[in-house]
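Work through the exercises below with the sequence and the model at hand. Each task is followed by a solution in steps.

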Amino acid sequence: MSDSTKPVLRIIVASTRPVRVGGAIGDWITQEAINHGGFDVRVSDLREMNLPLMDEPHHPSQQNYTKDYTKAWSADIAGSDAFIFVMPEYNHTFTAPIKNALDYLQKEWAYKPVGLVSYGGISGGLRAVTALKGSLTAMRLLPIAEGVVIQFVATHMSPEGVFTPTEQVERSVKPMLDELARVTPVLKQLRTQG
């Protein structure tokens with residue numbers, strides 16, 4: 001049930017692999033965001049959305065969308081005030097599905113903050129985060145400094161596929177959500193001025 005008095009925080013799960021841990025991490029961070037209480041929390045799972053490689057005939061800046069899935073994606077992002085990307089690291093960078101999802105749109109992303117929840121092996125996905133930040137800022141998104149980094153993610157998964165964070169990972173969640181809550185209204189003012 002949505003709460004129209006709170007800013008909309010959209011959690012985007014970026015892994016589309018048939019077997020993945022991203023869904024479990026997405027479930028966990030969604031519950032953390034709900035418990036935080038500062039947002040109307042909504043989830044977009046790129047695996048479920050199944051966006052094809054960007055196939056719109058017009059440049060996204062025109063917002064002249066021809067596909068129903070693009071129109072739905074546009075409405076979801078336009079109706080969001082802040083984001084958390086739940087993202088793995090593949091080959092030292094971010095995934096193709098997240099870049100594709102970003103590139104479908106342009107104006108809908110502008111002047112909104114992003115928290116990054118990354119996971120992987122020894123780097124915890126930080127190389128992917130670093131690589132993605134250039135694209136985010138070029139789209140006028142604001143990646144905040146606070147984030148959640150999950151190293152050696154496979155060791156935190158139960159045989160049933162449930163993610164259990166370490167104490168250190170758990171402690172990193174509230175500062176990220178607090179910063180998103182602090183920055184979101186300021187950026188909303190920028191959007192209403194334009």
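**Exercise 1. Helix 5**

At which residue does helix 5 bend, and by about how many degrees? Then compare the expected span of helix 5 with the distance between its end C-alpha atoms, and list its buried residues.

*Solution.* The model is predicted.

Step 1. The bend is at L132 and amounts to about 30°.

Step 2. Helix 5 covers residues 126-138. Its 13 residues, at 1.5 Å each, should span 18 Å, and the end C-alpha atoms are 19 Å apart, so the two values agree.

Step 3. The buried residues are A128, V129, L132, S135 and L136. L132 is thus the site of the bend and also one of the buried residues.

Step 4. The partners of these buried residues are strand 3, helix 4, strand 4 and strand 5, against which they pack.

Step 5. After helix 5 comes R140, with a positive phi near 65°.

**Exercise 2. Strand 4 and its neighbours**

Determine how many residues of strand 4 are buried, and sort them by face. Then find the strands that pair with strand 4 and give the sense of each pairing.

*Solution.*

Step 1. Strand 4 spans residues 112-119. Eight of its eight residues are buried.

Step 2. In a regular strand the side chains alternate between the two faces of the sheet. Sorting strand 4 in this way puts K112, V114, L116 and S118 on one side and P113, G115, V117 and Y119 on the other. Both faces are covered.

Step 3. Strand 3, residues 82-88, runs parallel to strand 4 and is joined to it by six bridges. Within this pairing, V86 has V117 as its bridge partner. The chain gets from strand 3 to strand 4 by way of helix 4, in a right-handed β-α-β crossover.

Step 4. Strand 5, residues 141-143, is also parallel to strand 4, with three bridges. Here V114 is opposite P143. The connection from strand 4 to strand 5 goes through helix 5 and is again a right-handed β-α-β crossover.

Step 5. Strand 6, residues 148-150, is joined to strand 4 by three bridges and runs parallel to strand 4. S118 of strand 4 has V149 as its bridge partner in strand 6.

**Exercise 3. Salt bridges**

How many salt bridges does the model contain? For the pairs R10 and D76, D40 and R42, and E179 and R182, give the N to O distance and the exposure of each partner.

*Solution.*

Step 1. Side chains of opposite charge can pair when their charged atoms come close. The count is nine salt bridges.

Step 2. R10 and D76 form a salt bridge at 4.0 Å, N to O. This pair links distant parts of the chain, since R10 is in strand 1 (residues 8-13) and D76 is in helix 3, 66 residues apart. R10 has a relative accessible area of 5% and is therefore buried. D76, at 28%, counts as partly exposed.

Step 3. D40 and R42 form a salt bridge at 2.8 Å, N to O. D40 is buried, because its relative accessible area is 4%. R42, at 31%, is partly exposed.

Step 4. E179 and R182 form a salt bridge at 3.1 Å, N to O. Both are in helix 6 (residues 167-193); they are three residues apart and so separated by about one helical turn. An α-helix has 3.6 residues a turn, so residues three or four places apart point the same way. E179 counts as buried at 16% relative accessibility, whereas R182 counts as exposed at 58%.

**Exercise 4. Positive phi in loops**

For N50 and Y111, give the phi angle, the loop that holds the residue, and the exposure.

*Solution.*

Step 1. N50 has a phi near 55°, which is positive although the residue is not glycine. N50 belongs to the loop between helix 2 (46-49) and helix 3 (68-78). Its relative accessible area is 60%, so N50 is exposed.

Step 2. Y111 has a phi near 60°, also a positive value in a residue other than glycine. The loop that holds Y111 runs between helix 4 (96-103) and strand 4 (112-119). With a relative accessible area of 34%, Y111 is partly exposed.

Definitions and conventions
Residues are numbered from 1 along each chain as its sequence is written. This is a predicted model: local features need pLDDT of at least 70, side-chain atom pairs count only at pLDDT 80 or more; totals for chains, interfaces and linings use all residues. Side-chain values use heavy atoms; hydrogens and water are left out. Helices (H or I, at least four residues) and strands (E, at least two) are DSSP runs, numbered from the N terminus. Buried means under 20% relative accessible area, exposed over 50%, partly exposed in between (1.4 Å probe, protein chains only). Two strands pair if DSSP finds at least two bridges between them. A crossover is right-handed if, with the strands pointing away from the viewer, the path from the first strand over the helix to the second runs clockwise. The expected span of a helix is 1.5 Å times one less than its number of residues. The bend at a residue is the angle between axes fitted to the seven residues ending there and the seven starting there. Contact means heavy atoms within 4.5 Å. A salt bridge is a side-chain nitrogen of Lys or Arg within 4 Å of a carboxyl oxygen of Asp or Glu.
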